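This briefing introduces the contact between two chains, the nonpolar cores and one residue in a loop. Please keep the sequence and the structure in view while reading.

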Amino acid sequence: MTDISRRKIILSGLAATAGVAGLGAAARIAKKYGLIPPDHGGIYGPGETLNYAFQRLVARHSLAREFPRNQISERPFPNEIAPPSEAFKHLQAGGFIDWRVSVDGMVDRPGSFSLDQLRSYPRRSQITEVACEEGWSYVAEWTGVRLSHVLSIVGVRPQAKYVVYFSIEPDWWDSLDMDEAMHPQTFLTYGMNDSDLPVGHGGPLRMRVPRQLGYKSVKFITRLTLTDNLKKLGKGLGSAAPEAGYAWYAGV
Amino acid sequence: MSTPDSAQAFPQASVRSSAPAQATIARNTRHSALVRITHWITTLCFFALLLTGIEILISHPRFYWGETGNDLTTPLFRIPIPSSRNLVPTGYGYVLPDQNGWSRSLHFQAAWVTVLTGALYLIAGFFTGHFRKNLAPGKTDLSWRALSAAIVSHLRFRRPSEEEAWSYNLLQRLTYLTVIFVLFPLVIWTGLAMSPTFTAAFPSTVTLLGGRQTARTIHFLVSIALVLFLLVHIVMICLAGFWTRARAMVTGRTGTRMERT
């Protein structure tokens with residue numbers, strides 16, 4: 001064996017050891033700072049983790065772009081939804097007077113809110129873009145209450161790490177980490193372009209998460225739950241989206 | 001390498017003689033290991049990005065200009081193919097299976113590998129002088145006369161001489177530089193400009209382009225340009241001798257000995 005090849009082997013060994021140790025350290029740091037998404041397993045796990053970690057690091061507190069009023073789309077496209085359930089039709093027949101959103105889990109004061117109660121809280125508006133993972137988009141003015149406001153009313157316990165939100169329609173739910181949930185542009189939305197939120201756009205109540213793609217803005221919200229562990233919900237991937245093959249983190 | 005005998009007899013000389021021996025080996029390597037490895041990683045990722053990009057395109061084969069655009073607005077142009085979504089007006093009476101989920105995941109994973117590989121290639125390329133030595137055109141080459149001569153020689157499909165197997169000609173240099181420093185940066189930029197979180201942090205990355213839908217359209221057009229490059233690249237390799245060129249990019253050797261004068 002020549003000196004050069006011995007040196008090469010030693011150096012390669014050192015590099016490999018450093019690489020493995022580095023990856024291990026990176027994983028520990030990433031976990032500590034909440035940079036690992038719930039759907040980090042599987043063959044696309046590394047990519048999902050890089051997307052989530054990178055954007056958490058560069059954009060944790062950034063605001064989604066807002067637009068001037070004259071950029072509001074004249075023809076916002078309501079995406080296809082499944083035929084409404086009986087439960088939805090029943091509430092719709094009553095003019096959504098009995099629509100309620102309940103909040104439970106790791107909170108001090110679990111409770112439920114009517115649409116009128118939500119409307120009585122500080123009213124916020126944002127003119128932001130809905131961008132679908134398919135590629136199309138539109139800009140609209142969204143009116144509602146900040147999710148952070150509702151969370152402050154129920155009192156979130158410090159150990160809570162995620163807000164899980166459920167549609168009245170079956171198998172339609174998603175979750176946000178606390179940064180995204182407390183973000184000033186994350187709304188429970190009841191109005192759109194100066195009128196009540198149309199059913200096609202998720203009325204009477206839609207989660208609005210403008211820093212992520214449209215599918216994160218789940219329609220027809222009836223329940224929120226706070227948890228520190230997404231493993232027990234559904235297949236444990238954090239939302240219904242990964243169960244259908246889509247990323248939990250939809251910021252890209 | 002010198003024999004053990006001579007090494008014992010002339011230890012000093014053997015150390016010195018190893019230098020020219022190494023230089024000969026280096027001269028017989030057409031492409032450095034780094035260029036070869038990054039080339040094939042990028043190739044693999046490019047095919048993954050192309051396949052998944054087509055799958056994502058199928059879910060909405062319409063393109064727009066400006067900030068917004070959807071099924072209710074007039075497209076800039078549309079691709080005459082069926083779609084994987086019900087509501088897209090394609091004129092076809094059927095809908096293709098939805099493959100967006102894994103396509104998006106693989107698209108971004110391959111993009112990460114491409115970007116990291118590209119960064120390694122760029123850093124190493126500047127440090128080793130790869131760009132200066134192998135890709136930057138010589139001053140005398142950058143004349144209209146030299147350029148038209150190179151184009152004419154290409155149009156006549158003249159097989160390159162053995163000498164040319166050891167370096168890039170002017171058109172190759174300009175094409176590779178365009179791919180490396182214009183098309184790849186542009187396709188990465190327009191890709192990032194479609195991310196709602198990335199543009200929250202860096203809004204100018206999308207406003208400079210003129211909006212999200214413009215970014216998407218440019219992303220598509222640059223992808224087409226990269227596919228055209230790939231096709232020409234493969235045709236040129238076939239014309240120049242597929243196996244010797246492919247072997248040079250795999251093993252680093254060309255099979256012909258280069259005697260520099």
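In this predicted model, chain B contributes 32 residues to the contact and chain A contributes 37 residues. The points below begin with the side of chain B that touches chain A, then turn to the cores and to R123(A).

**The contact, seen from chain B**

- Three helices of chain B, namely α4 (100-128), α8 (196-201) and α10 (212-251), each supply at least two residues of the side that touches chain A.
- The most is given by α4(B), with 9 residues.
- Sorted by class, this side of chain B has 15 polar, 11 nonpolar and 6 charged residues.

**The nonpolar cores**

- The largest nonpolar core has 57 residues, of which V150(A), V163(A), Y165(A), L188(A), L205(A) and I221(A) touch the most other members.
- When residues up to four places away in sequence are not counted, V163(A) touches S175(A), L176(A), A181(A), L224(A) and L226(A).
- There is also a second, separate core of 12 residues; among them are A59(A) and A64(A) from chain A, together with L106(B) and A110(B) from chain B.

**The loop residue R123(A)**

- In chain A, the loop between α4 (115-120) and β3 (124-131) holds R123(A).
- R123(A) counts as partly exposed because it has 13 C-beta neighbours inside 10 Å, whereas a buried residue would need 20 or more and an exposed one would have 12 or fewer.
- Measuring from C-alpha to C-alpha, R123(A) and D194(A) are 12 Å apart in space, and they are 71 residues apart in sequence.

Note on methods:
Residues numbered from 1 in each chain as written. Chains lettered and ligands numbered in written order. Predicted model: local features only at pLDDT ≥ 70, side-chain atom pairs only at ≥ 80, totals over all residues. Contact = placed C-beta atoms within 7 Å. Helix = DSSP H or I, 4+ residues; strand = E, 2+ residues; numbered from the N terminus. Nonpolar A, V, L, I, M, F, W, Y, C, P; charged D, E, K, R; others polar. Core = buried A, V, L, I, M, F, W, Y, C linked by C-beta atoms within 7 Å.
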